[in-house]
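User: I'm new to this and would like a close look at one helix and what surrounds it. Could you walk me through it slowly?

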Amino acid sequence: MRVTGAVDGTAVVCVGGGQQREVDGTWSATVEWLVERLAPRLPQLRFAEVRYRVKSWRRLESCVEDARAAVYEIGAQRVALVGFSMGGAVAVSIAREPQVEEVVGLAPWLPDELDVSTLRGKRFTVIHGALDRSLPGVPGVSAAHSRKGFDRARERGAEGRYVLIPGAFHGIAVRAPWGGLVTLPKADRWAELVEEELRRFAGAAAPTAS
């Protein structure tokens, strides 16, 4: 986990995508670009990026454990989760943790067997590129897939919104061979929508203890 910002009390834990092959975790290009863009605009929030031990949907439970550990390690009273691609399933899986108030899914993978009742009573926002899809040798998640998962979550008591970005693909950025980040089409629109959600989260009153 790497942390940007030093404000206590309110945090954003970000989890990236995965792949079929079981490989060592790396930092997510999409998450990294988003944190670099939004952290200076939202200094009241602390951002934590999670690097999985193994980034593969075959080891989903291990990725969930890594994300859950980050939520507790960050030590914030209020947490929003941002999950990209497979990170959407990871974020939903830990949404029942008491610190978590909302989940923002970026082109989230939400398989039918995923328990979305974890989102009951919480805010769930999905942002997806209209041109996202799986192609030979190119991972992707169709907008129809995430819409189905979003609708299931709403049926189980989540609130929130679903936003489709015309002209956008799977994610915000990719990592170039030399290590730098290359932005994908509509990156600024992705950032604008996530910023809207996180500003709303930052300004929301903390829930009253019962």
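Analyst: Let's start with the whole chain, then zoom in on helix H3 and its surroundings.

First, some ground rules. This is a predicted model, where local features need pLDDT of at least 70 and side-chain atom pairs count only at pLDDT 80 or more, while totals for chains, interfaces and linings use all residues. Residues are numbered from 1 along each chain as its sequence is written, and side-chain values use heavy atoms, with hydrogens and water left out.

Now the big picture. The chain has five helices and nine strands; these are DSSP runs, with at least four residues for a helix (H or I) and at least two for a strand (E), numbered from the N terminus. Going along from the N terminus, the order is β-β-α-β-α-β-α-β-β-α-β-β-β-α. The C-alpha trace spans about 50 × 40 × 30 Å along its principal axes. The radius of gyration, taken over C-alpha atoms, is compared with a globule rule of 2.2 Å times the number of residues to the power 0.38. For 210 residues a compact globule would come out near 17 Å, and the chain's 16 Å agrees with that.

How much of the chain is buried? Of its 210 residues, 53% count as buried, meaning under 20% relative accessible area, with exposed being over 50% and partly exposed in between (1.4 Å probe, protein chains only). Contacts tell a story too, a contact being heavy atoms within 4.5 Å. Among contacts between residues at least 6 apart in sequence, 68% join residues at least 24 apart.

Okay, on to H3, which covers residues 86-93. Seven of its eight residues are buried, so H3 is largely enclosed by the rest of the structure. Those buried residues are Met86, Gly87, Gly88, Ala89, Val90, Ala91 and Val92. And what covers them? The cover includes strand E2 (10-15), helix H2 (60-74), E4, strand E5 (100-106) and E6.

Let's pick one residue from that helix, valine 90. Its relative accessibility is 0%, so valine 90 counts as buried. If you skip its neighbours within four places in sequence, valine 90 is in contact with Val15, Tyr52, Leu60, Cys63, Val64 and Ala67. There's also a distance you can check yourself: the C-alpha atoms of valine 90 and glutamate 61 are 8.3 Å apart, although 29 residues separate the two along the chain.

Just before the helix there's a curious spot. Serine 85 sits in the loop between strand E4 (78-84) and H3. Its phi is positive, about 55°, even though it is not a glycine. That's worth noticing because most residues other than glycine have a negative phi. Serine 85 counts as buried because its relative accessibility is 10%.

Elsewhere in the chain, there's another residue to set beside that one. Lysine 186 also isn't a glycine, and its phi is positive at about 70°. You'll find lysine 186 in the loop between strand E9 (181-183) and helix H5 (187-203). At 44% relative accessibility, lysine 186 counts as partly exposed. So when you go back to the picture, try finding serine 85 in its loop between E4 and H3, then follow the chain on to valine 90 in H3.
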